[in-house]
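Here is the note you asked for, written for someone opening this entry for the first time. Please keep the sequence and the model side by side while reading the points.

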Amino acid sequence: MSPVYNGELLIQLLVDRLILVLSPLTESYEIILVDDGSNDNSVAILKSLSKLDNRLKAIILTKNHGQHVAIKAGLDNCRGEWIVVMDCDLQDEPEAIHNLFITATSGYDAVFAHRKKKYDAWHEKMYSELFYGLLGLITFKKFSGSTANFGIYSRQAINKVVGDTYNHFFFPLAIRKHVKRFVTIDVEHAPRAAGETGYTFLKAFKLAFKIIIGNTIAPMFSKKVKVLYSVKETTNNNDTF
């Protein structure tokens, strides 16, 4: 599953490459794309593609809730025994799913994808390493700026993530709380296939602030709750999967 924000130039490319990778692995798969309040032509493209292929489910959120809330919406609606979470910009290459799956089925609850070389600006890499380093210190979990959402996760682990409550949902932290048998493997990281990232420095800073406060100070003063979001439409809810 993948969150989508202003991805009109990326969606068809992503779906085509996913089908090529997933079809040899299994006949029973679903592709879940969650539109997170796009203001381009993404919704129309998602609706059109889901009508052509019943393996594609599009979840349309009513507004921009943020990447990680969109991921949670996708996880709430997935049904597979193994769930891949990835970004839609194709910097996470679908072709890596084969090795992730083979590794996972050898006895792991999760396989995290480590980008060997990140195609990001130097300052983005620096901010990422600083953020994940600080998050690791305050949560006693091991993080890296080269390992984020991309990976494959067992049904049991995702069920725990979906059933938990949060002060502020952040997928890399949420999944690490619920897996014991995990491994990290190297994957290739590609330049963005098209368009521009929706993350400005200010948006990234605000997100980092919310995540750190939400998982350190906020728990002392607030009660954890379910992740809230509003769905405008779910297309092609195929119950025969």
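The numbered points below go from the whole chain to its cores, helices, salt bridges and two loop residues.

1. The model is a predicted one, and this should be kept in mind for every value that follows. Its protein chain holds 8 helices and 8 strands, and of its 241 residues 46% count as buried. The accessible surface comes to about 12300 Å², with 57% of that area belonging to carbon and sulfur atoms.

2. The contacts can also be sorted by separation in sequence. Among those between residues at least 6 apart, 82% join residues that are at least 24 apart.

3. The largest nonpolar core has 30 residues, and Leu 33 and Phe 150 are those with the most contacts inside it. At least two residues of this core come from each of H1, strand E2 (31–35), H2, strand E3 (56–61), H4, strand E5 (110–115) and strand E7 (182–187), and H1 gives the most, with 6 residues. Apart from this core lies another, of 26 residues, which includes Ala 73, Phe 112, Tyr 166 and Phe 171.

4. Leu 33 deserves a separate look. When residues up to four places away in sequence are not counted, Leu 33 touches, among others, Val 4, Ile 11, Leu 14, Val 15, Leu 46 and Ile 59.

5. How do H1 and H2 meet? The axes of H1 and helix H2 (residues 42–52) come within 10 Å and cross at roughly 30°. On the H1 side the contact is made by Ile 11, Gln 12 and Val 15, and on the H2 side by Ser 42, Ile 45, Leu 46 and Leu 49; by class, this contact has 5 nonpolar, 2 polar and no charged residues.

6. Is helix H3 mostly covered or mostly open? Helix H3 (residues 67–77) is mostly covered, with 9 of its 11 residues buried, including Gln 67, His 68 and Lys 72. Asp 76 forms a salt bridge with Lys 72, their closest N and O atoms being 2.8 Å apart, and the two residues both lie in H3, 4 residues apart, about one turn of the helix. Lys 72 is buried, because its relative accessible area is 3%, whereas Asp 76, at 30%, is partly exposed.

7. A search of the whole structure finds 9 salt bridges. One of them joins Arg 17 to Glu 95, with the closest N and O atoms 2.7 Å apart; Arg 17 lies in helix H1 and Glu 95 in the loop between E4 and H4, so this pair ties together parts that are 78 residues apart in sequence. Arg 17 is partly exposed at 24% relative accessible area, and Glu 95 is likewise partly exposed at 41%. Arg 17, Glu 93 and Glu 95 are linked in a network of salt bridges.

8. A further salt bridge pairs Arg 55 with Asp 53, the closest N and O atoms being 2.8 Å apart. Arg 55 counts as partly exposed at 28% relative accessibility, while Asp 53 is buried, with a relative accessible area of 16%.

9. Two loop residues merit checking for their backbone angles. Asn 6, in the loop between strand E1 (2–4) and helix H1 (11–25), has a phi near 50°, a positive value in a residue other than glycine, and is partly exposed at 26% relative accessibility. Leu 90, in the loop between strand E4 (82–85) and helix H4 (97–104), has a positive phi of about 65° although it is not a glycine, and counts as buried at 3% relative accessibility.

Note on methods:
Residues are numbered from 1 along each chain as its sequence is written. This is a predicted model: local features need pLDDT of at least 70, side-chain atom pairs count only at pLDDT 80 or more; totals for chains, interfaces and linings use all residues. Side-chain values use heavy atoms; hydrogens and water are left out. Buried means under 20% relative accessible area, exposed over 50%, partly exposed in between (1.4 Å probe, protein chains only). Contact means heavy atoms within 4.5 Å. Accessible areas come from the Shrake-Rupley method with a 1.4 Å probe; for residues, only the protein chains shown count as cover. Axes are lines fitted to C-alpha atoms, for helices over the stretch in contact, and angles run from 0 to 180 degrees between N-to-C directions. Ala, Val, Leu, Ile, Met, Phe, Trp, Tyr, Cys and Pro count as nonpolar, Asp, Glu, Lys and Arg as charged, and the others, Gly among them, as polar. A nonpolar core is a set of buried Ala, Val, Leu, Ile, Met, Phe, Trp, Tyr and Cys residues joined through side-chain atoms within 4.5 Å. A salt bridge is a side-chain nitrogen of Lys or Arg within 4 Å of a carboxyl oxygen of Asp or Glu.
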